Amino acid sequence: MTGAPVRTLLLWCPDWPVLAAEIVDGVPATDPVAVLHANRVVACSERARAEGVRRGLRKREAQGRCPQLTVVDHDPGRDARAFEPVVAAVEEVAVGVEVIRPGSCALAARGPSRYLGGEAAAAERIVEHVAQTCAVESQVGIADGVFAAGLAARDGRIVPPGGATEFLAALPVEALGRPALTDLLRRLGVRTLGDFAALPAGDVLARFGFDGALAHRLAAGRDHRPLAVRQPPADLTVTAEHDEPIDRVDAAAFAARTLAEQLHERLAAYGLACTRLGIEAVTAHGQELHRVWRHDGLLTAAAIADRVRWQLDGWLSGSNGRGGARPARPTAGIIRLRLVPDGVLAQAGLQPGLWGETGEERERAHRALSRVQGILGPEAVVTAVLGGGRSPADQVRLVPWGDERLPARPGEPPLPGGVVRSGGAVPVPPWPGRLPPPAPAVVLPAPLLATVHDAAGEPVVVSARLAVSAAPARLVVGTGRPAEIVGWAGPWPVDERWWAPAEARRRARFQVCLADGAALLLAVEGGQWLVEAIYD
């Protein structure tokens with residue numbers, strides 16, 4: 001929790017989801033438009049409100065009030081993409097901007113007000129700059145704290161310093177934006193933020209929980225955290241201007257090496273690595289050329305120079321325009337060369353390859369393995385690809401070296417504890433009946449036959465209803481010696497493809513721990529016990 005709230009300037013774009021739909025999808029915001037999520041209106045245009053459409057209405061009721069209503073699905077990604085130019089425009093006037101949500105951003109008011117001649121002048125300058133740069137109407141509110149500034153922005157109001165508590169006290173509890181809490185407060189007779197703020201904080205926490213206590217702080221004009229300003233992205237692009245147009249490959253190679261070293265030094269200064277490189281060139285006649293090179297791993301200075309040289313060679317050695325197979329050669333030499341690191345990541349997050357850092361060693365390994373494949377066949381060198389499935393054997397697919405690494409089943413198996421894999425914005429498809437973590441260390445190519453007995457020496461049987469006849473006590477794998485079972489878990493049933501009798505498979509799996517410390521994954525199918533995998 002924080003002390004005194006920071007004097008905050010908040011810019012708010014009314015009906016932003018509607019404006020985002022106009023910017024991205026071309027839906028006219030001057031028409032009656034409603035943005036729907038879960039079949040309810042979350043935003044609507046001014047003309048739709050004039051026809052009686054309100055937030056929270058169901059789709060059918062909204063269309064009943066306004067038959068000509070245009071319905072748009074809610075897309076948070078679209079809202080965020082469309083709002084990025086607005087944030088960039090605000091950053092051109094004042095730095096230290098925090099995006100509250102698409103359509104709303106805030107910054108400390110002290111800096112802009114000092115060098116723009118006051119808070120009113122700063123608000124007017126920012127609103128005017130956003131309108132000229134992005135053609136977007138906006139309103140600014142200034143108050144002590146983000147919450148009060150957001151409500152002040154609805155009226156384009158500047159709340160005097162120290163007046164946030166008085167400003168908030170007269171507002172209805174609906175201003176908190178918490179419908180469930182608001183409904184409960186209304187039924188308890190609490191109708192304004194001032195009434196809510198007057199309640200003892202301990203009683204609010206005991207009755208409404210942590211979220212209610214947080215809302216109580218906001219109603220009293222106390223923010224729960226300071227502004228989290230966003231840092232503008234660093235400009236990593238390098239550009240070289242040439243007075244004499246470059247029309248020879250050797251001169252292009254020299255320019256490429258110099259520019260590649262500059263780019264690599266700039267990336268290294270920020271601790272970044274480049275994985276996708278954009279090469280742009282402009283000729284003396286104004287012709288613009290562009291190409292993107294991808295690389296699986298770290299692009300070193302030499303690797304960047306090679307790719308720039310190859311691309312310039314391709315452009316300058318193109319066909320003469322008389323129907324050759326290669327692209328036409330530019331009509332003039334290159335006067336501007338620009339390198340854009342289109343894909344970057346933290347160098348510490350770039351995982352080294354099996355043979356060390358990705359680069360020359362990886363290329364040597366690739367050539368060696370490809371040569372083995374040429375001698376012994378493609379299937380002689382394979383790599384494992386993780387995918388979806390219910391058992392360890394189902395989740396792994398062996399792919400020949402160099403082939404596209406696609407899983408046999410969609411989705412990677414989730415990590416323990418619900419952890420999402422890096423880069424995993426796409427949800428992992430569920431696999432009911434999936435083996436719980438941890439995963440076994442060794443998956444046997446072919447399961448081993450086994451028998452399981454109870455303490456009396458009788459075979460352990462699993463019924464169709466997954467009832468275990470007795471606790472497993474001894475395990476015999478193949479013709480080996482009996483081993484004592486000191487712990488077990490299960491059964492986990494799997495009933496796959498029951499709709500296709502020829503492919504149907506039903507089995508139950510167990511995890512067992514033996515007296516010698518070994519842990520095994522067992523399965524019983526058709527009354528037969530099998531050893532499928534071994535744990536560390």
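A residue is called buried when its relative accessible area is under 20%, exposed when that area is over 50%, and partly exposed in between. The model considered here is a predicted one, and its local features are described below, beginning with a loop to which these cut-offs apply.

The loop between β2 (33–37) and β3 (40–44) contains A38, and N39 is found in that loop as well. At 41% relative accessibility, N39 counts as partly exposed, because this value falls in between the limits of 20% and 50%. A38, with a relative accessible area of 65%, is exposed, since the limit for that class is over 50%. The backbone at these positions also deserves mention: phi of A38 is near 55°, a positive value in a residue other than glycine, and for N39, likewise a residue other than glycine, phi is positive and near 65°.

Helix α4 comprises 18 residues, numbered 76–93, and the distance from its first C-alpha to its last is 26 Å, which is close to the 26 Å expected at 1.5 Å a residue. At the start of this helix, a side-chain oxygen of D75 comes to within 3.1 Å of the backbone nitrogen of G77. Further along, α4 bends by about 30° at F83, and a proline, P85, follows within four residues. F83 is itself buried, and the buried residues of α4 also include A82, V86, V87, A89, V90 and V93. Charged residues of α4 are found among the buried positions too, namely R78, D79 and E91.

On the surface, V382, L386, V396 and L398 make a nonpolar patch of about 320 Å². The elements that contribute two or more residues to this nonpolar patch are β12 (382–386) and β13 (396–400). One of the patch residues, V396, lies in strand β13, and its relative accessibility of 37% places V396 in the partly exposed class, because that class covers values between the limits of 20% and 50%.

A further backbone feature is located in strand β16 (residues 483–496), where P491 has its place. The peptide bond that joins G490 and P491 is cis, with omega at about 0°.

Technical notes:
Residues are numbered from 1 along each chain as its sequence is written. This is a predicted model: local features need pLDDT of at least 70, side-chain atom pairs count only at pLDDT 80 or more; totals for chains, interfaces and linings use all residues. Side-chain values use heavy atoms; hydrogens and water are left out. The expected span of a helix is 1.5 Å times one less than its number of residues. The bend at a residue is the angle between axes fitted to the seven residues ending there and the seven starting there. Buried means under 20% relative accessible area, exposed over 50%, partly exposed in between (1.4 Å probe, protein chains only). A polar contact is a pair of N or O atoms within 3.5 Å; within protein, one must be able to donate a hydrogen and the other to accept it, and residues adjacent in sequence count only if both atoms are side-chain atoms. Patches are made of residues with over 30% relative accessible area and no salt bridge: like charges are joined within 9 Å, nonpolar side chains (Val, Leu, Ile, Met, Phe, Trp, Tyr) within 5 Å. Accessible areas come from the Shrake-Rupley method with a 1.4 Å probe; for residues, only the protein chains shown count as cover. A salt bridge is a side-chain nitrogen of Lys or Arg within 4 Å of a carboxyl oxygen of Asp or Glu.
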